[in-house]
Amino acid sequence: MVVDSKSWYKFKRQLWSRLWEDLEIGYLDKDLLPVLVLFNLDRDIYTLSSCSGRIVVSDSKYPWSREESNIVLKKHVPLDYSELDALLKKPVVRRLWLNATGPIIHLSTRDPRTAAYVLRVARLAGYKHSGVLSVNRYKGVIVELTTGVRFSTFLAEAGNALEGDDVRKLVEKANEILLYGKLMLNRLYEVARRHLPRVVDEEVERHVKARGGLLDKAPAEIFVDMMRRLNQFNYIEAYKRIVAGMS
């Protein structure tokens with residue numbers, strides 16, 4: 001299928017504007033911004049809804065359920081034991097599951113060749129579970145970049161809930177997975193920066209220069225700043241230990 005370039009570029013402009021709207025209302029993960037800007041700087045790529053990695057508590061029959069499922073807690077920074085302990089004291093409709101996932105980047109390319117190139121770059125960064133989701137004449141080749149970093153475990157159901165040290169251990173493991181995923185986000189940025197953009201989107205470049213400093217900090221630096229503002233200094237040290245272990 002041949003992608004209609006005129007329509008594709010129209011979608012790119014719309015999604016680029018929406019990115020800044022999401023940032024202003026707090027919907028966009030701040031540590032994700034450098035990665036999204038970098039991809040959009042390529043003339044033949046635009047980004048879609050993406051996530052830098054998160055911890056979620058869902059009320060559902062199974063952790064993968066989509067229907068009859070409610071998210072009761074969502075964090076893009078480390079979870080505190082007290083937050084989960086308070087949640088476990090509330091009534092449960094179905095079952096509570098603790099889920100931690102790594103980054104997921106969705107993007108569109110103007111042609112299959114660019115999609116193949118992006119996937120090669122992503123796999124160099126360890127995103128081996130990535131692939132093409134769909135091909136649309138107007139919206140382009142839709143690609144998902146993901147690492148496979150994932151953790152999911154049971155927390156509670158009516159009359160049966162984990163507590164105490166068991167909950168503390170799960171919080172510790174979920175935070176470890178989140179931090180590992182944040183490191184993988186930074187790795188994608190570092191690898192992609194060596195290979196992109198191939199051809200610069202001049203309109204995006206002008207916008208980036210006008211805002212200034214958007215690529216001055218890597219995702220890891222922004223994430224550490226976020227934890228520092230939240231006084232999560234113990235997780236900063238844990239993050240550094242994971243970085244050292246992967247070096």
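Visitor: At what distance from the centre of the ring of Tyr 81 does the charged end of Arg 168 sit?
Guide: This is a predicted model, in which local features need pLDDT of at least 70 and side-chain atom pairs count only at pLDDT 80 or more, while totals for chains, interfaces and linings use all residues. Residues are numbered from 1 along each chain as its sequence is written, and side-chain values use heavy atoms, with hydrogens and water left out. A charge sits over a ring if NZ of Lys or CZ of Arg is within 6 Å of the ring centre and within 35 degrees of the ring normal. The charged end of Arg 168 sits over the ring of Tyr 81, and its distance from the ring centre is 3.8 Å.

Visitor: Which residue lies over the face of Trp 20?
Guide: Trp 20 is one of the buried residues (under 20% relative accessible area, 1.4 Å probe, protein chains only) of helix α1. Over the face of its ring, at 3.9 Å from the ring centre, lies Arg 211.

Visitor: Within what arc do the buried residues of α1 fall?
Guide: Helix α1 (a DSSP run of H or I, at least four residues, numbered from the N terminus) covers residues 5-24. Its buried residues are Trp 8, Lys 12, Leu 15, Trp 16, Leu 19 and Trp 20. They line one face of the helix, because the directions from the helix axis to their C-beta atoms fall within an arc of 140°.

Visitor: Which residues are exposed on the other side of α1?
Guide: Exposed means over 50% relative accessible area, and partly exposed lies between buried and exposed. On the side of α1 away from its buried residues, the exposed residues are Lys 6, Lys 10 and Glu 24.

Visitor: How many residues of α2 are buried?
Guide: Among the buried residues of α2 are Leu 33, Pro 34 and Phe 39. The helix is largely enclosed by the rest of the structure, because the number of its residues that are buried is 8 of the 8.

Visitor: How many residues apart in sequence are the parts tied together by Trp 8 and Tyr 46?
Guide: Rings of Phe, Tyr and Trp (its six-membered ring) pair if their centres lie within 6.5 Å; planes under 30 degrees apart count as stacked, over 60 as edge-to-face and the rest as tilted. Trp 8 and Tyr 46 form a tilted pair, 5.1 Å centre to centre with 45° between the planes. Trp 8 lies in helix α1 and Tyr 46 in strand β1 (a DSSP run of E, at least two residues), so the pair ties together parts whose separation in sequence is 38 residues.

Definitions and conventions: The expected span of a helix is 1.5 Å times one less than its number of residues.
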